[in-house]
Amino acid sequence: MTNEQTTFTLGSGVELPQIGFGVYQTPPEETADAVQAALETGYRHIDTAAAYGNEKGVGEAFERSGLDRADVFLESKVWVVDYGYEETLHAFEKSAAKLGVDQIDLLILHQAYPKRFDRTIQAYKALETLLADGKVRAIGVSNFLPVRLERLLNETDVVPAVNQIEVHPYTQQRELQAFNREHRILTQAWSPIGGMRTYGDGDTPLKDETITAIAQTHGKTPAQIMLRWHIQEGRQVIPKSVRPARIAENFDVFDFELSADEIARIDALEQGMTMVPDELDFDTFSIEIPEA
Ligand code: NDP
């Protein structure tokens, strides 16, 4: 039984904790307190994004914590409107200044923009430059399907350290996970407890009968069962909450183990849909990313 958190070693040799803390849809004014609660609980990886509008809150919590810079892993994402070589170099400057740091541990492209894939490639080449210059410690992507990854791998030099994709019991993207594994790209699971469904009207795996039954067997909550399932299947997870009790609950997953049968029962819950379509057209709606 694994009774404490371990780390993943990314391609560049950098260590990433198994559980990170997400801040998507955390209001900017609540972000510093949520991240502070996470750091106090023991989380050492925070996942934010330029498009979330709350990088400053993450930086403020880190500042307040008094922790050494080397002990906290900060990840952010470049938004699509900032794709292009020079634009992405500048996007790094904006994010770093908002976070209040000189170096970002992991900087990733928020998603492919198929309509302007040339700019997506140029953005990734800028990430490669930032990596070579030591401005970031690792680079990666998010929401990239195999067809996009294949083209990226063909046209650039550094294999993405991570591909951050939607994975929870109802959406497992097994083919994409296999592609990531084959190329030694770590799968980071976003909405690991089904969050995007919680925000909408969709069924949430938090209320799933199978998961609830397994939770009762272990004296754990459905969220803890799902997080444990990810960890045992080798994915990194980044659960989000603004509530200290849940922030602690989501981190308390190292004192029990799911059986092979329980894992198989959760695997069987797949419904096969993802909340983020590959073909978004960002010309029709665009969030501008302000200067720091
Ligand atoms: P999660 O799966 O982490 O679920 C978050 C939701 O579940 C919130 O509504 C939260 O509410 C609630 N919740 C949290 N803990 C518990 C618990 N123990 N019991 C019951 N409910 C709980 O969803 P997210 O979509 O936020 O994904 C996690 C992170 O992944 C994001 O914050 C972001 O960092 C990243 N992400 C990346 C995306 C991408 O495109 N790359 C897309 C989406 C997310 P409350 O806060 O009120 O507790």
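Select V242 and the ligand together in this predicted model, and you will find that a polar backbone atom of V242 lies 2.9 Å from an oxygen atom of the ligand. Keep the ligand on screen and add the side chain of N143, where an N or O atom is 2.9 Å from an oxygen atom of the ligand. Then add Y52, whose side chain has an N or O atom 3.4 Å from a nitrogen atom of the ligand. With these contacts in view, consider the ligand's surface: on its own it has 900 Å² of accessible area, and the protein covers 93% of that.

Next, show the whole shell, which holds 29 residues around the ligand, and pick out D47, S191, K240, S241 and R246, as these come nearest. If you colour the shell by class, you should see 13 nonpolar, ten polar and six charged residues. Now select helix 7 (195-199) and helix 10 (244-251), each of which supplies at least two residues of this shell.

From the shell, turn to the sheet. Eight strands make up an open sheet, and following them in the order 3-4-5-6-7-8-9-10 you will see that the pairing is parallel. Which strands stand at the edges? They are strand 3 (21-22) and strand 10 (236-237), and each has a single partner strand, so one side of each is left without a neighbour in the sheet.

Finally, zoom in on strand 3 and strand 4 (residues 45-47), which run parallel and are joined by two bridges. Here G22 stands opposite D47 in strand 4, and D47 brings you back to the ligand, since it is among the residues that come nearest to it.

Technical notes. Residues are numbered from 1 along each chain as its sequence is written. This is a predicted model: local features need pLDDT of at least 70, side-chain atom pairs count only at pLDDT 80 or more; totals for chains, interfaces and linings use all residues. Side-chain values use heavy atoms; hydrogens and water are left out. Two strands pair if DSSP finds at least two bridges between them. Helices (H or I, at least four residues) and strands (E, at least two) are DSSP runs, numbered from the N terminus. A residue is near a molecule or strand if one of its heavy atoms lies within 4 Å of it. A polar contact is a pair of N or O atoms within 3.5 Å; within protein, one must be able to donate a hydrogen and the other to accept it, and residues adjacent in sequence count only if both atoms are side-chain atoms. Accessible areas come from the Shrake-Rupley method with a 1.4 Å probe; for residues, only the protein chains shown count as cover. Ala, Val, Leu, Ile, Met, Phe, Trp, Tyr, Cys and Pro count as nonpolar, Asp, Glu, Lys and Arg as charged, and the others, Gly among them, as polar.
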